[in-house]
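I set out to record which charged pairs, side-chain contacts and surface features could be looked up here. The entries are kept in the order of the search.

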Amino acid sequence: GMKCGIMVLDGGRGKIIGNAASIRGDVGLYVAGRGTEPEVKKNTMRDGNGQGLLVRGQSRGVYEENEASGHRLANVEVTDGAHVELRRNTVSGGKHVGLLFRMLSTGKVEENDVRPGPRPGVEVRGGAAPELTRNRVRGGGHIGILVRCGGRGIYTENEVEGTALAGIHVHKRAEVSLVRNRVHGGLARGIWVESDARAELEGN
């Protein structure tokens, strides 16, 4: 079975505050199942072989002021129709994507600090449609925010700084609204919308 630091399943609720999960197993904190809706604050998830935080299976929840860093897979992954509120979390390092939304997941992602490693800081794909507002993506060896393969969403007042590739890259049937984002200091394109994608651009 899956090896996790903390699991919240099948309608579980409650507060998870101030814990540390630093394991070599699959997931630091795993949340899944319809009706599952925890309040997760000020936890630390570091250096695991899987994801730091994995939210899936139509679960929900509020995730604030947590730290997820150094994982082999995404530091934070929201998938399979889950809906989350992510606020003021720190996501850094690791070998994969910092923050990944996929498979029709949604959420409000506000004021998070993302410092990526060799993969994109934020990736949205597979029909996922989050709202990203006032997040900061700094540095890293890849794209800052990547929306692809049918990814959607509204991206407002985010700051993307010092990325090795494009600050914001939209392609492969993605559809987005980009409003008042600030992209600077990178080594490649600032905002790149390819011909196979659609974007509404305002005040960037």
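The entries below cover salt bridges, one asparagine and a surface patch.

Entry 1. I note at the outset that this is a predicted model.

Entry 2. I began with the charged pairs. I recorded a total of 21 salt bridges in the structure. The first pair I looked up was Glu64 with Lys41, whose closest N and O atoms are 3.5 Å apart. This pair links distant parts of the chain, with Glu64 in strand E8 and Lys41 in strand E5 (residues 39-41), 23 residues apart. I then checked exposure. Glu64 is buried because its relative accessible area is 11%, below the 20% limit for that class. Lys41, at 26%, is partly exposed.

Entry 3. I asked which residues are linked in a network of salt bridges. I found Glu39, Lys41, Lys42, Glu64, Glu65, Glu85, Arg87, Arg88 and Glu110. Both partners of the previous entry, Glu64 and Lys41, are members of this network.

Entry 4. I next looked up Asp113, which forms a salt bridge with Arg138; the closest N and O atoms lie 2.7 Å apart. Asp113 belongs to strand E15 (residues 113-116) and Arg138 to strand E18 (residues 136-138), so the pair ties together parts that are 25 residues apart in sequence. Asp113 counts as buried because its relative accessibility is 18%. For Arg138 I noted 26% relative accessibility, and therefore the class partly exposed.

Entry 5. I added the pair Glu123 and Arg125, whose side chains meet in a salt bridge at 2.9 Å, N to O. Glu123 has a relative accessible area of 3% and is therefore buried. Arg125, with 23%, is partly exposed.

Entry 6. I turned to Asn66, which I located in the loop between strand E8 (62-64) and strand E9 (67-69). Is Asn66 buried or exposed? It counts as buried, because its relative accessibility is 6%. The side chain of Asn66 reaches the backbone nitrogen of Lys42 at 3.2 Å. Setting aside neighbours within four places in sequence, I listed the contacts of Asn66 as Val40, Lys41, Lys42, Asn43, Met45, Arg88, Asn89 and Thr90. Among these, Lys41, Lys42 and Arg88 also appear in the salt-bridge network of Entry 3.

Entry 7. I closed with the surface. Ile191, Val193 and Leu201 form a nonpolar patch there, with about 220 Å² of accessible area together. I placed Val193 in strand E25 (residues 191-193). Val193 counts as partly exposed because its relative accessibility is 30%.

Conventions. Residues numbered from 1 in each chain as written. Predicted model: local features only at pLDDT ≥ 70, side-chain atom pairs only at ≥ 80, totals over all residues. Heavy atoms only, no water. Patch = residues over 30% accessible without salt bridge, like charges linked within 9 Å, V, L, I, M, F, W, Y side chains within 5 Å. Areas by Shrake-Rupley, 256 points an atom, 1.4 Å probe, with all protein chains shown as cover. Salt bridge = Lys/Arg side-chain N within 4 Å of Asp/Glu carboxyl O. Helix = DSSP H or I, 4+ residues; strand = E, 2+ residues; numbered from the N terminus. Buried < 20%, exposed > 50% of the residue type's maximum accessible area, 1.4 Å probe, protein only. Polar contact = N/O pair within 3.5 Å; in protein donor to acceptor, adjacent residues only side chain to side chain. Contact = heavy atoms within 4.5 Å.
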